[in-house]
Each structure stands twice: as structure tokens, then as C-alpha cells.
Amino acid sequence: MIRIAKLTEIEQIMEITQACANKMISEGVFQWNNLYPNKEAFQKDIARNELYVLLSESSLIGCIVISSKKDQVYSEIDWLTKDSTHYYIHRLAIHPDFQKMGFAKQLMNFAEALAKKNKITSIRLDTFSQNHGNQKFYENRGYNRLGHIFFPKQSQHPFYCYEKLFYKN
């Protein structure tokens, strides 16, 4: 089941993202660290009703942010469509104990169905240039890589930006 996150679930969400960060670091992928993702970001996501959680047999195992707010850092990307109605995916995480079971696909299917239902022009997102698994995941879903951005507090390596069209504007 996927539903809007509750403020009381932030600690569980932080445990999931920290477990993901630890797994990525152990694999040589330094995408997340002790600065990101953080509790403050998730609190803002909840305040805007943009943070969703995935439950399996009543256990919280993953999360995704589906935002309509464009972060300033995305302004330098030459997107496929002009700015209008878009979703931006952030902080997609599945606890490592549940990875490679189709749960990330469920969260993205949910986001894409929501985009279609709400007649959203496209979904935009970024993923770490050193996370080849994520790149393949999004490219196999029909996302087009368009450029890159940097998050200096996270890494010296770029993050690739992707977009998938739903309605032409």
C-alpha cells in the first residue's frame, strides 16, 4: 500500500534512507551522506503533502517524494518541455532488505499514474552519475537523460537529470 506519510513516521523514514546510504557506500556509491537526506527535508515534504510511504504487510519499507515544486538547481537543465505542470521525484528509497523485489517499480508506477490522472506534462528527476543501477532503472522506464547538475555537499560527481513526457505542452 502507498499512502501519504505521517509526521510520526519520520524516524522510520530516516532509518530506511540511512540503511540505503550505508548500502550504497559499501558498494562504492557515495550518493547520500550524513547531510542528505535529512529530517528537515522530510518535514517540509510532509508539510506539502508530497512524501509518500510504501508499506508491505503493515511495515514501512520505502518512500518517495512527488513534488510539483521545481528546485532552483534544475533551472540550468534544457528540459524536453517548457515549465508548466511537472512532478519532480526526490528521495526514492527502498530499505535494502526489500530491494530487487519490484518495490521501487511500484513507487514509480504510482507516481506515473498520479501524473497521468492529474494531466501532468512530465516527470523530472535526477540520479547520481555513479549509481549505474538507478540510471538503468529510469532509462528502462522511458526517461530521457538531458544534462547534469551538482550538489557539492553530497558529491564532487554530477547528478544526471531525466524527464519522461506524459502530455505535450
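Trainee: Why is Glu27 called partly exposed?

Mentor: The relative accessible area of Glu27 is 49%. Buried means under 20% relative accessible area, exposed means over 50%, and partly exposed lies in between (1.4 Å probe, protein chains only). Glu27 is therefore partly exposed, since 49% falls between the two limits. Please bear in mind that this is a predicted model, in which local features need pLDDT of at least 70 and side-chain atom pairs count only at pLDDT 80 or more, whereas totals for chains, interfaces and linings use all residues. Residues are numbered from 1 along each chain as its sequence is written, and side-chain values use heavy atoms, with hydrogens and water left out.

Trainee: What makes the pair of Lys23 and Glu27 a salt bridge?

Mentor: A salt bridge requires a side-chain nitrogen of Lys or Arg within 4 Å of a carboxyl oxygen of Asp or Glu. The closest N and O atoms of Lys23 and Glu27 are 3.0 Å apart, so the pair meets the cut-off. Lys23, at 27% relative accessible area, is partly exposed.

Trainee: How many salt bridges does a search of the whole structure find?

Mentor: The search finds 12. One of them joins the side chains of Arg48 and Glu50, at 3.0 Å from N to O. Arg48 has 38% relative accessibility and counts as partly exposed, whereas Glu50 has 7% and counts as buried. Arg48 and Glu50 also belong to a network of salt bridges with Asp45 and Arg91. As a general point, side chains of opposite charge can pair when their charged atoms come close.

Trainee: How do you know that Lys70 and Asp83 meet in a salt bridge, and where does each of them lie?

Mentor: Their N to O distance is 2.6 Å, so it is within the 4 Å limit. Lys70 and Asp83 are 13 residues apart, and each lies in the loop between E3 and E4. Helices (H or I, at least four residues) and strands (E, at least two) are DSSP runs, numbered from the N terminus. Lys70 is partly exposed at 26% relative accessibility, and Asp83 is partly exposed at 46%.

Trainee: Is Arg124 buried or exposed, and how do you know?

Mentor: Arg124 has 0% relative accessibility. That value is under 20%, so Arg124 is buried. Arg124 belongs to strand E5, residues 122–128.

Trainee: What makes the meeting of Arg124 and His86 a polar contact?

Mentor: A polar contact is a pair of N or O atoms within 3.5 Å; within protein, one must be able to donate a hydrogen and the other to accept it, and residues adjacent in sequence count only if both atoms are side-chain atoms. The side chains of Arg124 and His86 are joined at 3.3 Å, so the distance satisfies the limit. The side chain of Arg124 also makes a polar contact with that of Glu163, at 3.1 Å. Contact in the wider sense means heavy atoms within 4.5 Å. Beyond four places in sequence, Arg124 touches several residues, among them Lys70, Trp79, Asp83 and Tyr162.

Trainee: Why are E2 and E3 said to pair?

Mentor: Two strands pair if DSSP finds at least two bridges between them. Six bridges join E2 to E3, so the requirement is met. The two strands run antiparallel, and Ser56 stands opposite Ser59 in E3. E2 and E3 form a hairpin with two residues between them, and Glu57 in the turn has a positive phi of about 50°. E3 is also joined to E4, by five bridges, again antiparallel. Ile66 stands opposite Ile89 in E4.

Trainee: What makes a group of residues a nonpolar core, and which residues of the largest one touch the most other members?

Mentor: A nonpolar core is a set of buried Ala, Val, Leu, Ile, Met, Phe, Trp, Tyr and Cys residues joined through side-chain atoms within 4.5 Å. The largest has 27 residues, of which Ile13, Phe42 and Leu51 touch the most other members. Several elements each supply at least two residues, including helix H1 (10–26) and helix H2 (39–47). H1 gives the most, with seven residues. Apart from this core lies another, of 23 residues, Ala111 among them.

Trainee: Why is Ala111 called buried?

Mentor: Ala111 has 0% relative accessibility, which is under 20%, so the term applies. Ala111 is in helix H3, residues 103–117. Beyond four places in sequence, Ala111 is in contact with Ile64, Ile66, Tyr87, Ile89 and Ile123.
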